[in-house]
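This report describes how parts of one protein chain are held against each other. Please keep the sequence and the structure in view while reading.

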Amino acid sequence: MEYDLDSGAHSVYALHYHLILVTKYRQNTFTPERADFMRRVVEGFADNYGVEIKNFEGDRDHVHMLFKAKPTTDLVRFVNTLKGSSARRIKNEFDLDRELWGDSFWTDSYCLLSTGQVSLDALKQYVEDQRR
């Protein structure tokens, strides 16, 4: 089995996360056009944090994002800044006053799941690769 590992000065890692963001009051806000706009906003923003977006999908009232990060990435800061920035951008681009009320676009909470699993096979492969 082959693993896609990243490396730093003194580390080897594979950190993948699944982030779910939900609109305030679960309002059906996302159309395909708005979800595509949000994906572009998120991809442009992620570069500032050294995060690589692997997949982005939007549903009517939430979005799913699979991304890869470094061990030094401050995930809480990344997610909170992402929520604030993306909310401002989409509210400026589209007239959402009839669909959302108040200043909030996203709920206050979010769901962040790690998607990888440490395995002995990955460690063995790394050691073998270093010997070559």
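Which side chain meets that of D61 in a salt bridge? The partner is R26, with a distance of 2.9 Å from N to O. The model is a predicted one, and the values given here are computed from it.

**The D61 and R26 pair**

This salt bridge links distant parts of the chain, since its two residues lie 35 residues apart. D61 is located in the loop between β4 (52-58) and β5, whereas R26 belongs to the loop between β3 (15-22) and α1 (32-46). The surroundings of the two residues can be described by their relative accessibility. D61 has a value of 11% and counts as buried, because buried means under 20% relative accessible area. R26, at 48%, counts as partly exposed.

The backbone of the loop between β3 and α1 also deserves attention. Most residues other than glycine have a negative phi. R26, however, has a positive phi, near 50°. Y25 is found in the loop between β3 and α1 as well, and its phi is near 60°, again a positive value in a residue other than glycine.

**Salt bridges and a network**

The count of salt bridges in the model comes to seven. The table presents three of them.

| Side chains | Distance, N to O |
|---|---|
| D61 and R26 | 2.9 Å |
| K54 and E52 | 3.3 Å |
| K68 and D6 | 3.4 Å |

Why does the salt bridge between K68 and D6 tie together parts that are 62 residues apart in sequence? K68 lies in strand β5 (residues 62-69) and D6 lies in strand β1 (residues 6-7), so the pair connects two parts with that separation in sequence. K68 is buried, with a relative accessible area of 9%.

The salt bridge between K54 and E52 has a different setting. K54 is partly exposed at 41% relative accessibility, and E52 is partly exposed at 37%. Salt bridges that share partners join D6, E52, K54 and K68 into one network.

**The pairing of β4 and β5**

In which sense do β4 and β5 pair, and over how many bridges? The pairing is antiparallel and extends over six bridges. One of the bridge partnerships places N55 opposite L66 of β5. A hairpin of three residues leads from β4 to β5.

**The nonpolar core**

In soluble globular proteins, nonpolar side chains tend to be buried together. In this model, the largest nonpolar core has 28 residues. Which of its members touch the most other members? They are M65, F67 and F78. The elements that give two or more residues to this core are β3, α1, β4, β5 and α2 (75-93). The largest share comes from α1, with seven residues.

F78 offers a view of these contacts. Leaving aside residues up to four places away in sequence, F78 touches F45, A46, Y49, V51, M65 and F67. M65 and F67, which are in contact with F78, are thus named twice in this account of the core.

**Summary**

Salt bridges join distant parts of the chain, as with K68 in β5 and D6 in β1, and as with D61 and R26 in their two loops. The strands β4 and β5 pair in the antiparallel sense, and both give two or more residues to the largest nonpolar core.

Note on methods. Residues are numbered from 1 along each chain as its sequence is written. This is a predicted model: local features need pLDDT of at least 70, side-chain atom pairs count only at pLDDT 80 or more; totals for chains, interfaces and linings use all residues. Side-chain values use heavy atoms; hydrogens and water are left out. A salt bridge is a side-chain nitrogen of Lys or Arg within 4 Å of a carboxyl oxygen of Asp or Glu. Helices (H or I, at least four residues) and strands (E, at least two) are DSSP runs, numbered from the N terminus. Buried means under 20% relative accessible area, exposed over 50%, partly exposed in between (1.4 Å probe, protein chains only). Two strands pair if DSSP finds at least two bridges between them. A nonpolar core is a set of buried Ala, Val, Leu, Ile, Met, Phe, Trp, Tyr and Cys residues joined through side-chain atoms within 4.5 Å. Contact means heavy atoms within 4.5 Å.
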